[in-house]
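Hi everyone, thanks for coming. I'd like to walk you through the contacts between chains in this one, and then stop at a couple of single residues.

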There are 6 protein chains.
Amino acid sequence: MRPSQRETHQLRPIEIIRHYTKHAEGSVLVKFGDTHVLCTASVDEKVPGFLRGKNQGWVTAEYGMLPRSTGSRMDREAARGKQSGRTQEIQRLIGRSLRAIIDLEKLGERSIQIDCDVIQADGGTRTASITGAYVALHDAISRLLAQGLISESPLRDSVAAVSVGVYQGTPVLDLDYIEDSDCDTDMNVVMTGSGGYVEIQGTAEGVPFQRADMDRMLDLAAAGIRELTSLQAKALGL
Amino acid sequence: MRPSQRETHQLRPIEIIRHYTKHAEGSVLVKFGDTHVLCTASVDEKVPGFLRGKNQGWVTAEYGMLPRSTGSRMDREAARGKQSGRTQEIQRLIGRSLRAIIDLEKLGERSIQIDCDVIQADGGTRTASITGAYVALHDAISRLLAQGLISESPLRDSVAAVSVGVYQGTPVLDLDYIEDSDCDTDMNVVMTGSGGYVEIQGTAEGVPFQRADMDRMLDLAAAGIRELTSLQAKALGL
Amino acid sequence: MRPSQRETHQLRPIEIIRHYTKHAEGSVLVKFGDTHVLCTASVDEKVPGFLRGKNQGWVTAEYGMLPRSTGSRMDREAARGKQSGRTQEIQRLIGRSLRAIIDLEKLGERSIQIDCDVIQADGGTRTASITGAYVALHDAISRLLAQGLISESPLRDSVAAVSVGVYQGTPVLDLDYIEDSDCDTDMNVVMTGSGGYVEIQGTAEGVPFQRADMDRMLDLAAAGIRELTSLQAKALGL
Amino acid sequence: MRPSQRETHQLRPIEIIRHYTKHAEGSVLVKFGDTHVLCTASVDEKVPGFLRGKNQGWVTAEYGMLPRSTGSRMDREAARGKQSGRTQEIQRLIGRSLRAIIDLEKLGERSIQIDCDVIQADGGTRTASITGAYVALHDAISRLLAQGLISESPLRDSVAAVSVGVYQGTPVLDLDYIEDSDCDTDMNVVMTGSGGYVEIQGTAEGVPFQRADMDRMLDLAAAGIRELTSLQAKALGL
Amino acid sequence: MRPSQRETHQLRPIEIIRHYTKHAEGSVLVKFGDTHVLCTASVDEKVPGFLRGKNQGWVTAEYGMLPRSTGSRMDREAARGKQSGRTQEIQRLIGRSLRAIIDLEKLGERSIQIDCDVIQADGGTRTASITGAYVALHDAISRLLAQGLISESPLRDSVAAVSVGVYQGTPVLDLDYIEDSDCDTDMNVVMTGSGGYVEIQGTAEGVPFQRADMDRMLDLAAAGIRELTSLQAKALGL
Amino acid sequence: MRPSQRETHQLRPIEIIRHYTKHAEGSVLVKFGDTHVLCTASVDEKVPGFLRGKNQGWVTAEYGMLPRSTGSRMDREAARGKQSGRTQEIQRLIGRSLRAIIDLEKLGERSIQIDCDVIQADGGTRTASITGAYVALHDAISRLLAQGLISESPLRDSVAAVSVGVYQGTPVLDLDYIEDSDCDTDMNVVMTGSGGYVEIQGTAEGVPFQRADMDRMLDLAAAGIRELTSLQAKALGL
């Protein structure tokens, strides 16, 4: 039995709230149970130096946790003067995941900067971030279309993410913090709405895992992603 | 006429929402109109090095803005690798303001760390931060009392803050972003519930101001603080 | 009785020595008693990026203390790799104070960089800095006029600063280090030669202060500034 | 046909040279074709602060590339003043991979610090690093055993790593730089000598990949790891 | 003919002013012509970590230039967030030079921190720094003796420094900025009062120099050091 | 007797291996006994900002030690976030030494970046670096000539470096780590192939040295440099 009483294949209650703050071109509060992440998409009418004059746009992401989003307070990265390795790993993952489903040439010479800030953490902040960021990105793109700045959507697909793991010998979907702290294997899976893999990152925290575990985890993840994809579409009114 | 149609002595709609996130000992979302700040208070059962063995506690504060809390995206301070002078100025002000109303010896050898993170900004983020932080601090103290870790409240008074300024020649209370960007004088006033001054910081942005302006601004601020003090008490059920 | 035997309204002996070092366009050693600050003004024939092409100039300031300007040695900020929050607060204050009395459009597309370096500290380094920096700025402007680089002075007024405080229950002018370490309230007041307020920053170090204290402190400050203004004029031979 | 004329399941020529430098307790130059990495293991008779008194040891890793190990010179991270996100990602991966096969309690209260420095790069530096680091770690452990500092080997298994990818539609093993720059999918697989998964990190660089690709890549990786495991054993004379 | 009209073997006018600021245990303003450096010595009753419990003291130095000590303003190192390579080179040289003439065991478990801050620069700031720092160190030591904290002077000798160079083909002593900017060879020589070499650092800026130049420069330096040694003694009233 | 049984005027076994890695325009592994340094020369078809449009090229150097090149592991500078003063001193020395023998105008508007990375250290890493870097620079220049990018070699001379010192009262050539740790005086001498001095840096580690020691050390150095110059020529096939 999972601590949260969920079935092995059951997601936490998911909420996707659009237009959460007023300034950003896309602003989404995404909740995976008690994990709450604010995802904003900011359009900037220029590209970074390495892309200037290349006739394409750019999508990138930054990630942060509020110092007391967690059970015990973490140091503020701005005060320490650098982002941790974990933070950089996560923001690079979010950026790659979103770039996988967008046609950067169709975006034109502009950037969309995604910010994922964790308001409250209970496991799975990176998968919630990717899932919410896609919706914020979609809103920012819709606005560019509405303003006539682009004539065709550069989005080729949707993208969502979920964690799977082996908890007390059993593969389970969407681990919360209690499960995450005590599982043998933790895997984050990022997939497109049409079912292709974008990223897979699996780590054996304790005992190495076997091919059979892997197969069962991939099955759970695929079903979870289908559910999230449908919740994203619903939130977007598609 | 003010852009927001408010009277010169009128605060924006104020909301003080306690228990906004689940982990912190005090967690308050404070809204001064469209300015929304999450204030958390975290108890740590030790003190910084310079106070060790001195038989007293410590209260300190950090402040940050989410990159897209503002009209155009700001650089993330954690990514730039340092906090701006403005950020440091504000967090020092918040810390001093709270220390002014707490008896650090009665707090015992423990720290309370305040974090004020701006979710959405529309002027007055530092005054909203102080006003909300007091409520979060009160909640953290109540918890220490309930746990029997201290037997008497170290709080000597309450504290709140508000801005006043001279906008198009007229002194006004609680400037929003539009007023703030275009005023001649901007003054932040921090006062205790019993009416003493804790901090006054006034700046002439354009034309230097005269003693008479100063007097009228101080009157407006005192009335605004009385209103905020009463809203804090109400939020705390006092 | 004040530790220095001064009257409550009495400044420390003030000295303003121009042309103290040979390279800078303005170079002033200012002494407020045992507080000695070297203020230089450096002209640079370009403006920072955010002002380029805007047809105006810029005035900014940096502040530092020599490591052993104080009673016990402080860490060197260059060695620690960052400026403290206090340093940034002070240099921002000096910059704003000078910009308040200069017409940046008349200055033309050039910058004047003020450096205030504390050689010896005995309280009031920021007010001495502002008072001396104005004289250095005036010298740099005179030189631009003499060189024909500008045809009309962009200075609209003079500016000076002084501290006031409540020491052992009595409002006093121009606190030295002993008073500063032991006062209830400390307020820095920056005013123009013609008597307008540019900045007011008051902090209750112990007991919050009342409106009556505030009024008496503002009276002391205004008289002190009049005296400093006259000493600045005398030093400049005006 | 692969640019290197290799079969799809063929590793590059692998060399594992022990005792490459004289000071380190373990020092291995590992070559995966033209990718050459120097892996050293340094024993330190203490543990980091967070493990003090916990009766266990620690294994951690750092990674770096010589500035001209690559086709065009990269900035030196020491000169830039920070390690890139990529560097941190890789060194965290190496550390986790080694900790997965060592019993930290049996190691005793000491640390083994792994350094992987890329002398020449041609793709797959992280997989070469892990494969070589295991041999350096083994040498350092053997020395601790020989010195009688530990009585039983804390190593539970061996560990090795290899990349797989989809290059021009075909799954291939151990990508070199040319393939890596032009493949659709790139996956790094870390496995123990007994065939358990320690880490899997797959990224779709272009088109998202399908479950069938995944299965074929995992098969290739497992065979590659078997070969590397046997080369490690041979190098160690086991 | 030298630009300053000096003879080839002639020092600039040298001034050594003791007790220049009031807080430091030793405080010396040293002038080599228009090069003015404030040298302070601060006693700290503890030693750095690497010397704790080793029954010896420590002497170390830091160096800085005020931003406008030079002809055109330099960036402030505290604002840039790091000390330049040149600064570090110079402060290491000053520290080594002073440690060469002090018996660290006789100093006892305490540190003397030297700070050399350039108020005005006209070439030769590092040699002026060493020459002045010795006098400040002597004053700090005298005070320790007077306070009975040590019973015997740990100073074994005096130390001074001077530059020599080849200017337009002719070896000259104590180069000023104009000569320094235009010389072929620049050599800094640090010697004890009794005539031993402590440091020699010679650099060919243009044409490599020959052994004969070297010999003539060493002769000039030795004579210059004799003169500086005598000026130090006179300043100290010895 | 020297610990290594060498004669006082005897170099360690010297090896100069060209084309050590495949990407760099010049790549040399230089061995001075157990000191092994990889020196690469990278051509970049642009110059730093301060030289743009000045019709000349630039040569600069960076230096690093692998963390376990030494007897006990050093912190990785990239992880600590800054280069030590020693590192900066050495890389500035290497750069100046190479610029002394190259005609930067004949090089054209391009840069050659030298990287000296110590693989294994046993004393004398800076002198080995300079000696090896010259050969790498020569290879990079030959390639520019071969490609027709320059028509005439900008090299005016060769350059090499060696250490000399006073070990147990006797002047010796090319100190290894054991001698270096225990010598009274340590001097690094950089000379051109034609016998001119480029840099001399001598430090008395213990007792100050006398002019006679200096003369004997310079003789030893000159002979050592002649030998190194001939080994460089041989390695280059000249």
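Before I point at anything, a word on naming: helices and strands here are DSSP runs, numbered from the N terminus, with at least four residues for a helix and at least two for a strand. And please keep in mind that this is a predicted model.

With that naming in hand, let's begin inside one chain. D:Ile112 sits in strand 5 of chain D. Is D:Ile112 buried or exposed? Its relative accessibility is 0%, and therefore D:Ile112 counts as buried. What surrounds D:Ile112, once we set aside neighbours within four places in sequence? The residues in contact with D:Ile112 are D:Ala41, D:Ser42, D:Val43, D:Trp58, D:Val59, D:Thr60, D:Leu107, D:Leu137, D:Ile141 and D:Leu144. There is also a pairing across the sequence to look at: D:Glu45 is 67 residues away from D:Ile112 along the chain, yet their C-alpha atoms are separated by 8.7 Å.

Keep strand 5 in mind, please, as we move to the contact between chain D and chain F.

How are these two copies related? A turn of 180 degrees, with a shift of 0.0 Å along the axis, lays chain D on chain F with an RMSD of 0.0 Å. The two copies are thus related as by a two-fold rotation axis. The contact surface tells a matching story: 100% of the interface residues of chain D are also interface residues in chain F, so the copies meet through the same surface. In numbers, 37 residues of chain D touch 37 residues of chain F.

People often ask about size here. An interface is often described by the accessible area lost when the parts come together. For chain D and chain F, the buried area is about 2800 Å², and carbon and sulfur atoms give 49% of that. Which three residues supply the most on the chain D side? They are D:His23, D:Arg68 and D:Arg76, which supply 26% of the area that chain D buries against chain F, more than any other three residues.

Now the polar side of this interface. The rule finds 14 salt bridges between chain D and chain F. If you'd like one to zoom in on, try the side chains of D:Asp117 and F:Arg76, which meet in a salt bridge at 2.9 Å, N to O. There are also 25 residue pairs in polar contact across this interface, both at pLDDT 80 or more.

Which elements of chain D are involved? Those giving two or more residues to the side that touches chain F are strand 3 (35-44), strand 4 (58-65), helix 1 (77-80) and strand 5 (111-120) of chain D. Strand 5, where we found D:Ile112, gives the most to that side, with 6 residues. By class, the chain D side has 13 nonpolar, 12 polar and 12 charged residues.

Let's swing round to the other partner of chain F, chain E.

Here a rotation of 180 degrees with 0.0 Å of shift along its axis superposes chain E on chain F, with an RMSD of 0.0 Å. E:Gln201 has the C-alpha nearest the axis in chain E, 2.2 Å from it. Again the same surface serves both copies, as 100% of the contact residues of chain E recur in chain F.

The contact count is 26 residues of chain E with 26 residues of chain F. About 2400 Å² is buried between chain E and chain F, with 46% given by carbon and sulfur atoms. In chain E, E:Glu89, E:Tyr197 and E:Arg211 lose the most area to chain F, together 26% of what that side buries.

E:Glu89 comes back in the salt bridges. There are 6 between chain E and chain F, and in one of them the side chains of E:Glu89 and F:Arg92 meet at 2.6 Å, N to O. The polar contacts come to 16 residue pairs, both at pLDDT 80 or more.

On chain E, the elements giving two or more residues to the side that touches chain F are helix 2 (85-99), strand 9 (197-204) and helix 6 (211-235). Strand 9 has the largest share of that side, 8 residues.

Finally, which chains miss each other? Chain C and chain D have no contact, and their closest C-alpha atoms lie 12 Å apart. Chain A and chain E do not touch either, with nearest C-alpha atoms 12 Å apart.

Thanks, and I'm happy to take questions.

Key: Residues numbered from 1 in each chain as written. Chains lettered and ligands numbered in written order. Predicted model: local features only at pLDDT ≥ 70, side-chain atom pairs only at ≥ 80, totals over all residues. Heavy atoms only, no water. Least-squares fit on C-alpha atoms with pLDDT ≥ 70 in both. Contact = heavy atoms within 4.5 Å. Buried area = accessible area lost by both parts, 1.4 Å probe. Salt bridge = Lys/Arg side-chain N within 4 Å of Asp/Glu carboxyl O. Polar contact = N/O pair within 3.5 Å; in protein donor to acceptor, adjacent residues only side chain to side chain. Nonpolar A, V, L, I, M, F, W, Y, C, P; charged D, E, K, R; others polar. Buried < 20%, exposed > 50% of the residue type's maximum accessible area, 1.4 Å probe, protein only.
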